[in-house]
Amino acid sequence: MTKMIIAIVQDEDSRRVIAKLMEADYRVTRLATTGGFLRVGNSTLIIGVEEEQLEDALAIIKSECVSRKQFMALPGTGPENMGLPLPVEVKVGGATVFVIDVDQFIHM
Ligand code: 2BA
C-alpha cells in the first residue's frame, strides 16, 4: 500500500533532509508553512512512499532533524517587570510526522 508521510520540520533542517531523501531516490514536496504556536516559518514535507520504504524514509527524517530551543516573548504582567515581554523557552522537536494510508496514487 502507498503511504503518505507528512513531516513538519524546522526550516534549518529542510534543505538537508530533502537532499538526503532525494539521494535515496524518494520524491519530496516542500511546503512553506507556519507553526500556530510560535508563528514562525517551518517546512512541511510531503513524501509518497511504498509501505516497505516507510521505515527507511522515517529514519532519514529522524537522522537529519534536530531538536532546538527557541524563545518566544510573553507579555509581562506583574509590576516587577514593568510590562516588559518575558522570554519563554520552547523546545521545538526534530520533526512532527504523520503517516497516512493512501487510497489511490495517480500520476498522470
Ligand atoms: P508551533 O505550533 O509553532 O510549535 C512550536 C513548539 O511550541 C512545539 O514544538 C511545542 O514544543 C511548543 N508548543 C506548541 N503548542 C504549544 C502549546 N499549546 N503550549 C505549549 N507549548 C506548545 P513541536 O511539538 O516540535 O512542533 C513543531 C511544529 O510542528 C509546530 O510549530 C506545528 O507547526 C507542528 N505541529 C506540532 N504538532 C502538531 C499537530 N498535532 N498538528 C499539526 N501540526 C503540528
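Me: In this predicted model, which residue has a backbone N or O atom that lies 2.8 Å from an oxygen atom of the ligand?
Reply: Three residues place polar backbone atoms beside oxygen atoms of the ligand, and in this predicted model the distance for G36 is 3.2 Å, while a backbone N or O atom of F37 lies 2.9 Å from a ligand oxygen. The separation of 2.8 Å belongs to a backbone N or O atom of L38.

Me: How much of the ligand's area does the protein bury?
Reply: The backbone of L38 lies 2.8 Å from an oxygen atom of the ligand, and the wider cover can be expressed against the area of the ligand by itself. Taken alone, the ligand exposes 750 Å², and the part of that area which the protein buries is 50%.

Me: Which strand gives the most residues to the shell around the ligand?
Reply: The residues surrounding the ligand include I8, N42, V90, K91, V92, T96 and F98. Two strands, β5 (86–92) and β6 (95–101), each supply at least two residues of this shell. The strand that gives the most, with three residues, is β5.

Me: How do the residues of the shell around the ligand divide into nonpolar, polar and charged?
Reply: Among the surrounding residues are I8, G35, G36, F37, L38, K91 and G93, a list in which several kinds of side chain appear together. By class, the shell divides into six nonpolar residues, five polar residues and one charged residue.

Me: Where is T96 placed, and is T96 buried, partly exposed or exposed?
Reply: T96 is one of the residues surrounding the ligand, and, with neighbours up to four places away in sequence not counted, T96 touches I6, A7 and I8. The C-alpha atoms of T96 and K62 are separated by 9.9 Å, although these two residues are 34 residues apart along the chain. T96 belongs to strand β6, and with a relative accessible area of 42% T96 is partly exposed.

Me: Which element supplies the largest share of the largest nonpolar core?
Reply: The largest nonpolar core has 15 residues, and those touching the most other members are I5, L21, Y26, L45, I47, V49 and I61. At least two residues of this core come from each of β1 (2–10), α1 (11–23), β3 (41–50) and α2 (54–64). The largest share, four residues, comes from α2.

Me: Which residues does I61 touch, not counting residues up to four places away in sequence?
Reply: I61 is among the members of the largest nonpolar core that touch the most other members. In soluble globular proteins, nonpolar side chains tend to be buried together. With residues up to four places away in sequence not counted, I61 touches I5, A7, V17, L21, I47, A95 and V97.

Me: Is E64 buried or exposed?
Reply: E64 sits in helix α2, and, leaving aside neighbours within four places in sequence, E64 is in contact with D13, R16, V17 and K20. The cut-off for a buried residue is under 20% relative accessible area. Because the relative accessible area of E64 is 13%, E64 is buried.

Me: How far apart in space are A24 and E64, C-alpha to C-alpha?
Reply: A24 is found in the loop between α1 and β2 (28–34) and is partly exposed, with a relative accessible area of 35%, whereas E64 is placed in helix α2. These two residues are 40 residues apart in sequence, and their separation in space, C-alpha to C-alpha, is 13 Å.

Me: What is the phi of D25, and what is the phi of R39?
Reply: D25 lies in the loop between α1 and β2 and is exposed, with a relative accessible area of 67%. R39 is placed in the loop between β2 and β3 and is exposed, with a relative accessible area of 69%. Each has a positive phi in a residue other than glycine, which for D25 is near 75° and for R39 is near 55°.

Me: Which side chain does a polar contact of 2.5 Å join to that of K3?
Reply: K3 is found in strand β1 and is buried, with a relative accessible area of 12%. Leaving aside neighbours within four places in sequence, the residues in contact with K3 include I47, V49, E51, L54, V99 and D101. The polar contact of 2.5 Å joins the side chain of K3 to that of D101.

Note on methods: Residues are numbered from 1 along each chain as its sequence is written. This is a predicted model: local features need pLDDT of at least 70, side-chain atom pairs count only at pLDDT 80 or more; totals for chains, interfaces and linings use all residues. Side-chain values use heavy atoms; hydrogens and water are left out. A residue is near a molecule or strand if one of its heavy atoms lies within 4 Å of it. A polar contact is a pair of N or O atoms within 3.5 Å; within protein, one must be able to donate a hydrogen and the other to accept it, and residues adjacent in sequence count only if both atoms are side-chain atoms. Accessible areas come from the Shrake-Rupley method with a 1.4 Å probe; for residues, only the protein chains shown count as cover. Ala, Val, Leu, Ile, Met, Phe, Trp, Tyr, Cys and Pro count as nonpolar, Asp, Glu, Lys and Arg as charged, and the others, Gly among them, as polar. A nonpolar core is a set of buried Ala, Val, Leu, Ile, Met, Phe, Trp, Tyr and Cys residues joined through side-chain atoms within 4.5 Å. Buried means under 20% relative accessible area, exposed over 50%, partly exposed in between (1.4 Å probe, protein chains only). Contact means heavy atoms within 4.5 Å.
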